[in-house]
Amino acid sequence: MSNSRTLTFNIFRYDPQLPGDAPAMVQYQLEETAGMTVFIALNRIRAEQDPSLQFDFVCRAGICGSCAMVINGLPTLACRTLTAKYSDGNITLMPLPGFELIGDLSVNTGKFMRELAERLKLWLHPAADQHDIHLIEQPMAPDEAAKLYELERCVECGVCVSACATAQMRDTFVGAVGMMKIARFELDSRDARSAEDFYHVIGTQDGVFGCMTLLGCQDNCPKDLPHMQQIAYLRRKMSRTLIGISHA
Amino acid sequence: MLTKYHLGERWLGFPRSYRWAAVADRLQSASGVLLGLFLLLHLHFESSILLGKAAFYRVAQVLEGGLFTPSGHGVPLITQLFSLVMLLVLMVHAATALRRFPVQLGQWRALRNHLHLIKHNDSKLWFWQMLTGFLMFFLVPMHLVTMLTNPEIGPHLSAARVYHDNYWLLYGLLLPAVVVHAMLGLYRVAVKWGISFQRHGLLLLAKILMGYLIILGACSLVAYLVIGHSLTLPVTPFTP
Amino acid sequence: MKLIYTDALVVGAGLAGLRVAIAAKERGLDTLVLSLIPAKRSHSAAAQGGMQASLGNTVKGDGDNEDVHFQDTVKGSDWGCDQTVARMFAHCAPKAVRQMANWGVPWTRVTAGPRQVVVNAERITIEEAQAAHGLINARDFGGTKKWRTCYTADGTGHSLLYAVDNKAISLDIPVHERMEALKIIHDGKRCHGVIARCLITGELRAYIAKSTTIATGGYGRIYEVSTNAIICEGVGQALALETGVATLGNMEAVQFHPTAIVPVGILTTEGCRGDGGLLRDRNGHRFMPDYEPEKKELASRDVVSRRMTEHMRKGLGVDSPYGPHLWLDITLLGRKHIDTNLREVKEICENFLGIDPADEWIPVRPTQHYSMGGIRTNPSGESPQLSGLFSVGEAACWDMHGFNRLGGNSLAETVVGGMIIGSYVADFCQQNELVVDTALVNKFSTELQSEIDELCQDGEGENAFALKTHMQRVMMDHVGIFRNGPELEVAVAELKELLQRSRNIKLKCTKRHANPELVEALRVRRMIKVALTVACGALARTESRGAHAREDYPQRNDKDWLCRTLASWPNANDLTPILSYEPLDVMQMELPPGYRGYGADNAIAHPDTAKRLDEIATIAAGLGSHITRQQLQQALMPFELPSFLRASNQRLHDTLHASHSKNTTTHTSNVDGTSHE
């Protein structure tokens, strides 16, 4: 990049803990550098212009899921968003909607995810007698392991929840992240839960039957997880389970 | 250690209480598909007027069971019965789809907020689907009640209704609403249940159908208006 | 101020911290974890390549066992590690991998039959055994004799962290997120917990516990460019250092990873080279075989990083606006392999470089990556100076890595170390009472409170952000891959000045609650102290060992420097740490110092080495030829482990040959290693 340009950042500012503070959009100017990401830009704004600016980054490599925010109308990971992408040099940053706001661009996705995990019991429920760790492990079909990893790539960034109008309208809706994780455990041969057990947690209005297929999850997931396919799969599976139960 | 307590599932009536969610979801989709497919046929039958009064007369005659009546005219009761059935399907669809509506002010605000904040095409489309659905809560019953109370269908009778009874206003609103709602609905049902994941193809098809059906419907409406304009009251039913 | 009581307090919710918390909770102890961030965002998630454990399922790992893993680890450490700890580790690694499978990690599995792999730039076909089908696979990593690195594609850390955090959630272990521990409460002999600050509300809280485990990861962010997450700032090490009592071990041992992308310094896994990727220079020439004819790209990380730097110094690097770099070529692995086994690498290349690694070469350069040094502990994970203070994972100098860590051994250390040390933490909690000394708590909380008050006072002062950048530059420029006396002296002098200046930081934003500037100010003065332990340790150590490479002292000097550096900071007003040394006893070593098999062979021998080699030969001869390798090992260097971890590890190899062997060991089975005899 030979001539650098000046970027204009419009950043949502609000400190809910500061008495009398009100949400506002604040403008910052910054010289663009080669290969600049929103991560680099925000840190420079904080260090050089406004030390009170709040935002969250951890790995800055698109791995940890900390830094999701709405960038020019699209919820995504800020650390791997190159500023060069925006040809007019205007970048508007909003915090992820649908989560507790800590301040400015920082939202409490961690709390949301932990509560979701507790509510949906998002951990492996192994069969009663676990395999002895001193002995050769139990085999697993190589394909199954590969598929499990595919579904496990979710980084809990919260983008799917913020991109989902259903989740925005109904606080109790589990969102794509909840369903993706259920789908992951449902697929896992080591998990002892039956389809009926999963039906308890997501066979409801707040679960898969509450999903309106708006596909905000599918279109915005930074890990390109197959939300559309998995939710459709769960919907069919849960629906069939229902028939099984009624005949029982 | 003490933990939170939960009511046992049996107490809460599992699985009965859960079952409703699945039933509702299936019923909504099934009734929607039924209504959507019906709409496709309906609009095509309707537009047979574009091929002339005689063509429309034949279509109405056949659909009213004219083949099986000695006079060959068919019985309007069939229209009535069919309307009644469609009303039922519609009620099922409305009742189940009502779950999706932002019924509280907070939900409405959240939806507006979302649409304002996040650029997402499918959400916007759904917003239109929801709005047209809402509109149809009022428009479709009017149409169906007319068919129940006034079931006579024919090139002249229908045209008179459109022109002289000012039903063009109803159909002018209903046509785009129902077409948009139904085509987006069919697209959504397909991806929802995983019938097809070719989203872009499906959406393109839905949009083409939308355009086609609206043009088709609008042309027939104009045809009725033209016919209705030429009629003098009281109307004499068309006979070929 | 709020006082919170618990049995086992863990600071840091990465893999190591959570694993300790789980071990404590499973023993019925009240357990609580503090974390700067949500647990699943911890830097453990960024570990891509895998964890080493000698399962020996793949045909390329056949014949692997604890002995081979131990030897690789010791050689990798350049004989700087604690061999007892390396033994404990190598013995438990297979158990940990298998336990992780029980907890839900979808380890990549072996597919029976022929499979194409790339070895030494050639596509060869290997034949996996039918009996191995579906067992945990392993890939090749640097500095190892066997293919030993177990993995889930290239998201191993992610999978492990998610499984372990899920386990913690299932056990109802509370994680207090966005809490930063800033003071250790201690009386000079025993640690009683920490004072922490809530990053949201700014509230100070005292967490009072029987045991306190620091698991805050490394201190990579004292460097300007690092592969580490931005929270790896060494505050955990500073916590221990500021007690004035506890010591930090081998802080100068800082690893540079050969392949971080240029310029942002994000890691591409060693798995890229393990799976067959090559390093190339500006002419496209594969240069590593010129330097390391045997291990080539897969020598240990310190060696590869140095060779790359040497090569770039010859002018053979690729010029870029960010200085020279080299190429990592994984195009020869094929698109399918990259799409399935190296997909995080692919994503990183797409997002940060805008290239497709299946078609194009990746610009890479050695970059700060791992901190071998940390809070010095004994083999049970406890500080030798401050009882009740434990440390685990990268935060600790448990010392299985010595002066260079092997790829795949850090992820392994988190869960293996966590499993072993967690058990010792639980023992400690069961054997000791909670001591509540409110006067002591007040002393430390007042100290912290006045530190914050002072920072928030009006007036002119230093800028915390500027000081941090300055410190990071000093470390980059003067305490890098190659070090020398004059440069290190500059570094120490500059850091001392920065430390002085950091005592006069003043904030522009004086909010007491969520205030990033306050967070930065509190951290930066602690980071500068940590940086000083690194620079001073490096300056004092006049030899080259592992990742510590002195241009003015290029030889490994076992005669004078076979010892561990200990740094402490007894007087808070000092500008430098006090260094002392803990000798490594050759006469206790199972594997006395020798040549690593790669890198320079120029060591100055220790006088005891020959003696110990003789002794080992005598012991081995005395035991006769009918002993098992385990018996021989026990005779050479006995090591302790919690009883439920002592059983030997079964391998595919054993079951295939079981009928021929009388020595198959029997052991009492413990389900999942969690019940205790």
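**Exercise 1. Contacts of one helical residue in chain C**

Leaving aside its neighbours within four places in sequence, with which residues is C:Ile421 in contact?

*Solution.* The model is predicted, so that local features need pLDDT of at least 70 and side-chain atom pairs count only at pLDDT 80 or more, whereas totals for chains, interfaces and linings use all residues. Residues are numbered from 1 along each chain as its sequence is written, chains are lettered from A and ligands numbered from 1 in the order in which they are written, and side-chain values use heavy atoms, with hydrogens and water left out.

Step 1. Place the residue: C:Ile421 belongs to helix 11 of chain C, residues 409-431, where helices (H or I, at least four residues) and strands (E, at least two) are DSSP runs numbered from the N terminus.

Step 2. Apply the contact criterion, heavy atoms within 4.5 Å. Beyond the neighbours within four places, the partners of C:Ile421 are C:Ser380, C:Gly381, C:Phe390, C:Ser391, C:Val392 and C:Trp398.

Step 3. Check the accessibility: C:Ile421 has a relative accessible area of 1% and is therefore buried, the classes being buried under 20%, exposed over 50% and partly exposed in between (1.4 Å probe, protein chains only).

Step 4. Compare with a position distant in sequence: C:Ser54 is 367 residues from C:Ile421 along the chain, and their C-alpha atoms are separated by 20 Å.

**Exercise 2. Backbone geometry in loops**

Locate A:Thr213, C:Asp78 and C:Pro263, and describe the backbone at each.

*Solution.* Step 1. A:Thr213 is not a glycine, yet its phi is positive, at about 55 degrees. A:Thr213 sits in the loop between helix 7 (195-202) and helix 8 of chain A, and its relative accessible area of 5% makes it buried.

Step 2. C:Asp78, likewise a residue other than glycine, has a positive phi near 55 degrees. Its loop runs between helix 2 (66-76) and helix 3 (83-103) of chain C, and C:Asp78 is buried, with a relative accessible area of 6%.

Step 3. The peptide bond that leads from C:Val262 to C:Pro263 is cis, its omega being near 5 degrees. C:Pro263 lies in the loop between strand 12 (254-261) and helix 6 (271-274) of chain C.

**Exercise 3. The second largest cavity**

Describe the volume and the lining of the second largest cavity.

*Solution.* Step 1. A cavity is, on a 1 Å grid over the protein atoms alone, a set of points where a 1.4 Å probe fits but cannot get out, and lining residues have an atom within 4 Å of a point. The search of the whole structure finds 12 cavities of 30 Å³ or more.

Step 2. The second largest cavity has a volume of about 140 Å³, where volume means the space filled by probe spheres set on the grid points, which are joined across faces, edges and corners.

Step 3. Its lining comprises 20 residues, among which A:Cys211, A:Thr213, A:Leu215, A:Cys217 and A:Ile231 lie nearest the centre of the cavity. A:Thr213, with its positive phi, thus returns here.

Step 4. At least two lining residues each come from helix 6 (175-187), helix 8 (216-220) and helix 9 (227-247) of chain A, and from helix 7 (167-192) of chain B. Helix 9 of chain A gives the largest share, 4 residues.

Step 5. By residue class, the lining of this cavity holds 14 nonpolar, 4 polar and 2 charged residues; Ala, Val, Leu, Ile, Met, Phe, Trp, Tyr, Cys and Pro count as nonpolar, Asp, Glu, Lys and Arg as charged, and the others, Gly among them, as polar.

**Exercise 4. Chains A and B side by side**

Set out the secondary structure, burial and exposed surface of chains A and B.

*Solution.* Step 1. Chain A has 9 helices and 7 strands, while chain B has 8 helices and 0 strands.

Step 2. The C-alpha trace of chain A spans about 65 × 40 × 30 Å along its principal axes, and that of chain B about 85 × 40 × 35 Å.

Step 3. Buried residues amount to 65% of the 248 residues of chain A and to 47% of the 240 residues of chain B.

Step 4. Chain A exposes about 8,400 Å², of which carbon and sulfur atoms supply 52%; chain B exposes about 13,300 Å², with 72% from carbon and sulfur atoms. These accessible areas come from the Shrake-Rupley method with a 1.4 Å probe.

Terms used: 1 Å grid on protein atoms, 1.4 Å probe; cavity = no way out; pocket = protein on both sides within 12 Å on 5 of 7 lines; lining within 4 Å.
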